[in-house]
Amino acid sequence: CKEIFKERNVEEKGVGKVTQMLILVSTVTISLQKTTSVSFDVSTDAALLYKYASNLTQVTQCSDATTVLAKLKSPGRIECFIWTLVPITLSCIFLLKASITFINRKIGHPFQSCIWKFVVAFLSPIWLGIVSMLQGRQSYLTKMNDDSSKGRKEIEYAKELDVAFNDAKMIEVSTESMLQPILQVHLFIISLMCALSSLSENQIDEKCLSLGYISLLSILQLFSFLSSLMSIPKVFTQTYTINKEGMLKTEAKIVYFLFMLFGVVSRLLSIELLTITLVVSDLGVFSHIYGFLGVHLFLVFMINLFTSKRKQDQDTNNCCWKIITFVMDHLMKALRNLYIPWSDGKNEEEDVLRQSLIEILNIFENIAISVFGNIMWPQENVDDQLISFQHIMMVIWISYSCYIAFKLVFYVFLHPWSSLVKEELKKNIKRGGSLQSGVALENDKDAEEPGRVCMEHETGKY
């Protein structure tokens with residue numbers, strides 16, 4: 001009866017069925033627009049997956065005079081297909097877990113029947129789009145009804161939708177956007193080195209500069225790399241801003257985005273330097289880089305496990321589901337920290353130790369990669385290498401320096417607690433100065449004391 005009277009009140013206000021349908025379509029469309037950047041990233045990855053599976057036998061191998069290009073053979077069709085499919089598969093697994101967690105919560109969503117739950121679980125690869133449409137539906141219902149009639153359950157449902165939407169975006173970025181650039185930047189750098197070498201010798205290598213390769217595949221690789229590269233700092237900045245509940249100013253968001261961007265670029269190029277070094281020194285192939293990433297993720301997983309103080313919220317008494325949720329949550333945290341240490345903005349004081357340990361681990365790995373590359377990089381025909389070891393090293397450490405600089409600026413001057421941090425630093429400096437002055441006075445007294453005691457002893461006067 002309540003729903004019937006709501007519809008009748010809406011019609012009495014002059015909003016007909018057609019108008020309601022238009023409002024519903026517009027609100028859902030506006031909600032879907034929030035997924036544009038992530039959807040573009042996923043679509044480029046899907047296009048590359050199709051391209052690798054269709055007619056690509058070998059990406060490229062230049063017949064160049066330089067030693068680096070002569071040894072630098074790109075992965076083949078099967079290898080490219082597998083390492084493009086793995087991030088997409090990981091994303092689908094995590095989205096399946098997120099959709100099951102959401103529909104198991106009795107918060108008023110329209111998926112109460114078993115059939116609807118099965119359909120949602122089956123369509124979990126597009127879970128981000130489903131949640132955005134649910135947000136549009138909820139916005140439509142809010143506009144059609146009075147805000148005063150909004151109950152506690154509806155408010156909780158709207159909040160749960162916001163959390164589910166943000167989690168779905170983070171899953172897409174932490175899996176596809178984190179892992180896809182490793183392959184795409186490697187293929188693109190090989191193509192770029194090959195093309196520059198051919199142009200420098202005033203001859204065109206048909207294998208490198210064929211129309212089908214440059215016009216379609218290289219463009220897809222470039223778009224996939226750039227979309228993933230921009231999605232990581234963008235989505236992470238949005239999540240951090242949401243959790244800070246409007247406490248970040250515009251300049252703070254810009255600086256946060258920049259230090260995230262430079263950190264990702266530095267770390268990604270460092271991984272690419274290790275990949276090229278392994279290949280050109282005949283110590284491994286491209287796939288071996290994922291072994292290094294697996295060890296790094298395991299170390300970050302253990303750091304997160306031993307430094308985490310938060311209790312996991314479980315909505316079920318199923319012990320197996322609790323274990324699966326616990327492991328997948330910590331694995332997702334490790335993936336989010338693949339390039340640089342990151343905190344979601346909640347309880348940052350508890351994340352200081354974790355971020356510091358991951359930052360130290362990344363620094364040691366970058367230094368080790370730089371030393372290893374300097375030792376193993378081929379030294380023949382160094383003058384003919386258009387993209388040499390020194391060029392890559394320069395970009396890596398300049399980007400890392402910018403990352404550290406912007407990070408310090410954010411946390412010292414633009415963080416919501418920056419004033420408290422500066423006050424604490426001033427107190428520590430003053431306290432240290434007062435302690436030093438006190439120690440100096442005590443030293444002066446101790447220096448004067450022996451002579452005075454000696455005089456009193458000789459004269460015998462008090």
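Helix α13 (residues 352-376) packs against helix α14 (residues 389-414) at an angle of about 165 degrees, with the two axes 11 Å apart. Helices here are DSSP runs of H or I, at least four residues long, numbered from the N terminus, and axes are lines fitted to C-alpha atoms over the stretch in contact, with angles from 0 to 180 degrees between N-to-C directions. The pair is therefore roughly antiparallel, a term for angles over 145 degrees. Among the residues in contact (heavy atoms within 4.5 Å) are Ile-363 and Ile-367 of α13 and Trp-397 and Tyr-400 of α14.

This is a predicted model, in which local features need pLDDT of at least 70 and side-chain atom pairs count only at pLDDT 80 or more, while totals for chains, interfaces and linings use all residues. Residues are numbered from 1 along each chain as its sequence is written, and side-chain values use heavy atoms, without hydrogens or water.

On to a second partner of α13: helix α10 (residues 250-280) packs with α13 at about 35 degrees, their axes 10 Å apart. Arg-267 of α10 and Glu-365 of α13 both belong to this contact, and their side chains meet in a salt bridge with an N to O distance of 2.2 Å. A salt bridge places a side-chain nitrogen of Lys or Arg within 4 Å of a carboxyl oxygen of Asp or Glu. Both Arg-267 and Glu-365 are buried, meaning under 20% relative accessible area with a 1.4 Å probe, protein chains only.

The structure holds five salt bridges. Another of them joins Asp-329 and Lys-97, with the closest N and O atoms 2.8 Å apart.

Terms used. Helix = DSSP H or I, 4+ residues; strand = E, 2+ residues; numbered from the N terminus. Parallel < 35°, antiparallel > 145°, perpendicular 65-115°, else oblique. Buried < 20%, exposed > 50% of the residue type's maximum accessible area, 1.4 Å probe, protein only.
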